[in-house]
Amino acid sequence: MSEAAPPRPSRWIIPARTRDLQRRASDPASSAWVSAHAGSGKTFVLAQRVVRLLLEGAPPSKILCLTFTKAAAANMSLRVFDILSSWTRMDDRSLRAEIVAMGASPERLGLARRLFARAVETPGGLKIQTIHAFCERLLHLFPFEANAPARFEVLSEETQKDLLAAAREEILSEAVANPHTRLGMALSRVAALTSALTFDKLLREALNARAALAET
């Protein structure tokens, strides 16, 4: 029989100074830079900031959050909607205490109850996305100005690996078939100084640094 998971820490365990700093950082009227180690609550602060923007009346479609990874974007979106959905089930007293603790006015009680539906019904929903997705969207909107092909598609990691593998196979085959060319002689020299495993690792590192090598 597996042991029961330990209870999650409740809010009162968080030091008062930490709660105050989080409240200040999540204030929409402030421009804040939060620096902290992993698991210290940065995502929590950002989610609180988004919710407070909504409580101040900001249209959900006008809010943009950028993250580095898809997992972080999904986590951020989940936290925001968890907060908003929980507010639809709270009684007035509990909800009023919740938004006051967050730093918002108790007069926002009625709006707080409607925020979940408002966010869900917004065309496109809350814009919580990765930096890469945001840049891709900009390029699609302004392909001419960015000198990018219209209706371009970003390659997936799997497709990139397949294309690189095919290009590598083609180049190596050409070098082996023409040993007296510059490419063929370079391959022979490197192959003589490395093992099969080392050669493969060296080739991967060169491919990863191909942009820097092209400038030399």
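Here is a short chat between a student and a tutor about this predicted model.

Student: Before we start, what kind of model is this, and which pLDDT do local features need?

Tutor: Residues are numbered from 1 along each chain as its sequence is written, and side-chain values use heavy atoms, with hydrogens and water left out. This is a predicted model in which totals for chains, interfaces and linings use all residues, side-chain atom pairs count only at pLDDT 80 or more, and local features need pLDDT of at least 70.

Student: How many helices and strands does the chain have?

Tutor: Helices (H or I, at least four residues) and strands (E, at least two) are DSSP runs, numbered from the N terminus. Read from that end, the elements go α-α-β-α-α-α-β-α-α-α-α-α. That comes to 10 helices and two strands.

Student: Is the chain more spread out or less spread out than a compact globule?

Tutor: Take the radius of gyration over C-alpha atoms, and compare it with the globule rule, 2.2 Å times the number of residues to the power 0.38. For 216 residues the rule gives 17 Å, but the chain comes to 26 Å, well over that, so the chain is more spread out.

Student: Which strand pairs with β1, and in what sense?

Tutor: Two strands pair if DSSP finds at least two bridges between them. Leu64 stands opposite Lys127 in β2. With four bridges, the partner of β1 in the parallel sense is β2 (residues 127-130).

Student: Which side chains of β1 are buried?

Tutor: In a regular strand the side chains alternate between the two faces of the sheet. Buried means under 20% relative accessible area, exposed over 50%, and partly exposed in between (1.4 Å probe, protein chains only). Along β1, Leu64 and Leu66 point to one face and are not buried, while the buried ones, pointing to the other, are Cys65 and Thr67.

Student: Which element gives the largest share of the lining of the largest pocket?

Tutor: On a 1 Å grid over the protein atoms alone, a pocket is an open set of points where a 1.4 Å probe fits, with protein on both sides within 12 Å along at least five of seven lines; lining residues have an atom within 4 Å of a point. Grid points are joined across faces, edges and corners, and a volume is the space filled by probe spheres set on the points. The largest pocket holds about 1,800 Å³, and of its 47 lining residues, those closest to the centre include Gly41, Phe44 and Arg79. The largest share, 10 residues, comes from α2.

Student: And how many residues line the second largest pocket?

Tutor: This pocket has about 480 Å³ of space. Among the residues closest to its centre are Ile171, Leu183 and Ala206, and the lining residues number 15.

Student: Ala119 caught my eye; is it buried or exposed?

Tutor: Ala119 sits in helix α5 (residues 109-121). Leaving out residues up to four places away in sequence, it touches Pro60, Phe81, Leu84 and Gly125, where contact means heavy atoms within 4.5 Å. Its relative accessibility is 1%, so Ala119 counts as buried.

Student: What phi does Asn147 have?

Tutor: Most residues other than glycine have a negative phi. Asn147 lies in the loop between α6 (131-141) and α7, and it counts as exposed at 72% relative accessibility. Although it is not a glycine, its phi is positive, at about 55°.
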